[in-house]
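Here is a short report for a first look. Take a moment with the sequence and the 3D view before reading on.

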Amino acid sequence: MSLSKTLLLALFLLYLSHFTTGKKPNTSSSSTDLVRTSCVHASYPTICVRTLSSYSGSAINTPQDLAQAAVKVSLSRAQKASDFLSELKVQSKREKGALSDCVEQMGDSMDELSKTLSELKHLSKGNAFKWQMSNLETWVSAALTNEDTCIDGFKEIDGKLRSDVKRKITNVARVTSNALYLINRLDDSRNKIATHP
């Protein structure tokens with residue numbers, strides 16, 4: 001057998017062995033594609049792609065999985081921000097009041113996001129879907145309002161405390177805004193399916 005035929009046979013066998021190894025197809029690339037295409041029009045697309053591409057929870061295979069992951073990211077960030085706020089040491093009565101209010105508002109945000117996550121896990125396929133979507137949108141919007149109110153409480157406070165709180169809470173608000181966008185996409189995609197059978 002000539003060298004070129006032997007080389008060709010070896011390449012062919014290598015090619016076949018690649019497709020017969022029994023490995024599962026790479027789903028991470030399809031999940032990355034879903035993240036990228038879904039985040040394109042989010043309020044903060046770069047943050048959306050970064051936080052959800054690196055999400056290490058359960059697999060992201062559907063828009064519903066993606067919305068759940070976004071809410072989990074938001075909930076995690078809210079918890080970290082709340083922990084940060086709880087550890088701050090402040091001096092003035094005004095700072096203590098703003099901080100106490102902000103901790104309470106972050107707790108309310110986490111409650112709203114927890115309800116959202118629970119409901120997202122049990123989305124209906126029937127008539128209850130619209131009601132569930134309304135609840136989801138209301139809860140995430142309320143979480144965003146709490147986050148904004150927390151930042152507003154520090155408007156009259158100058159210095160590092162204000163900038164640190166604003167940075168932490170803005171981070172939470174941005175991922176929460178992206179979560180709301182991805183939840184709204186669930187409603188939009190359901191409407192397209194219903195109107196275009």
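## A first question

Leaving aside neighbours within four places in sequence, which residues is Asn-178 in contact with? The contacts are Ala-42, Ser-43, Tyr-44, Ile-47 and Cys-48. Asn-178 itself lies in helix 7. It counts as buried because its relative accessible area is 3%, under the 20% cut-off.

Keep in mind that this is a predicted model.

## The overall fold

The protein chain has seven helices and zero strands. Along the sequence the pattern reads α-α-α-α-α-α-α. The chain holds 197 residues, and 37% of them are buried.

Contacts across the sequence are frequent here. Taking contacts with a separation of 6 or more, 73% join residues 24 or more positions apart. The chain exposes about 12,100 Å². Carbon and sulfur atoms supply 55% of that area.

## The nonpolar core

In soluble globular proteins, nonpolar side chains tend to be buried together. In this model, the largest nonpolar core has 51 residues. Leu-52, Phe-154 and Ile-169 touch the most other members. Six elements give two or more residues to this core: helix 2 (27–39), helix 3 (45–53), helix 4 (63–87), helix 5 (93–120), helix 6 (128–152) and helix 7 (160–195). Helix 7 gives the most, with 12 residues.

What does Leu-52 touch, not counting residues up to four places away in sequence? The list is Val-35, Cys-39, Ile-60, Leu-66, Ala-69, Ala-70, Val-73 and Leu-182. Leu-66 sits in helix 4. With the same neighbours in sequence left out, Leu-66 touches Leu-34, Val-35, Ser-38, Leu-52, Ile-60 and Leu-182. Leu-66 and Cys-39 are 27 residues apart in sequence, with their C-alpha atoms 9.9 Å apart. Is Leu-66 buried or exposed? Its relative accessibility is 1%, so Leu-66 counts as buried.

## Two disulfides

A disulfide is a covalent bond between the sulfur atoms of two cysteines. The structure holds two of them. Counting bonded cysteines along the chain, the pattern is 1-2, 3-4.

One disulfide joins Cys-39 to Cys-48, with an S to S distance of 2.0 Å. Both Cys-39 and Cys-48 are buried. The torsion about their S-S bond is about -60°, so this disulfide is left-handed. Cys-48 also appears among the contacts of Asn-178.

The other disulfide is formed by Cys-102 and Cys-150, with sulfur atoms 1.5 Å apart. This pair links distant parts of the chain: Cys-102 is in helix 5 and Cys-150 in helix 6, 48 residues apart. The link is left-handed, with -55° about the S-S bond. Both Cys-102 and Cys-150 are buried.

## Lysines and rings

How many aromatic pairs does a search of the whole structure find? The search finds zero. One ring does have a lysine over it. Lys-168 lies over the face of Phe-84, at 5.1 Å from the ring centre.

Another lysine, Lys-130, is found in helix 6. Lys-130 counts as partly exposed because its relative accessible area is 45%, which falls between 20% and 50%. Lys-130 and Asp-187 are 57 residues apart along the chain. Their C-alpha atoms are separated by 7.8 Å.

Conventions:
Residues numbered from 1 in each chain as written. Predicted model: local features only at pLDDT ≥ 70, side-chain atom pairs only at ≥ 80, totals over all residues. Heavy atoms only, no water. Core = buried A, V, L, I, M, F, W, Y, C linked by side-chain atoms within 4.5 Å. Buried < 20%, exposed > 50% of the residue type's maximum accessible area, 1.4 Å probe, protein only. Helix = DSSP H or I, 4+ residues; strand = E, 2+ residues; numbered from the N terminus. Contact = heavy atoms within 4.5 Å. Phe/Tyr/Trp six-rings, centres within 6.5 Å; stacked < 30°, edge-to-face > 60°. Lys NZ or Arg CZ within 6 Å of the ring centre and 35° of its normal. Areas by Shrake-Rupley, 256 points an atom, 1.4 Å probe, with all protein chains shown as cover. Disulfide = S-S within 2.5 Å.
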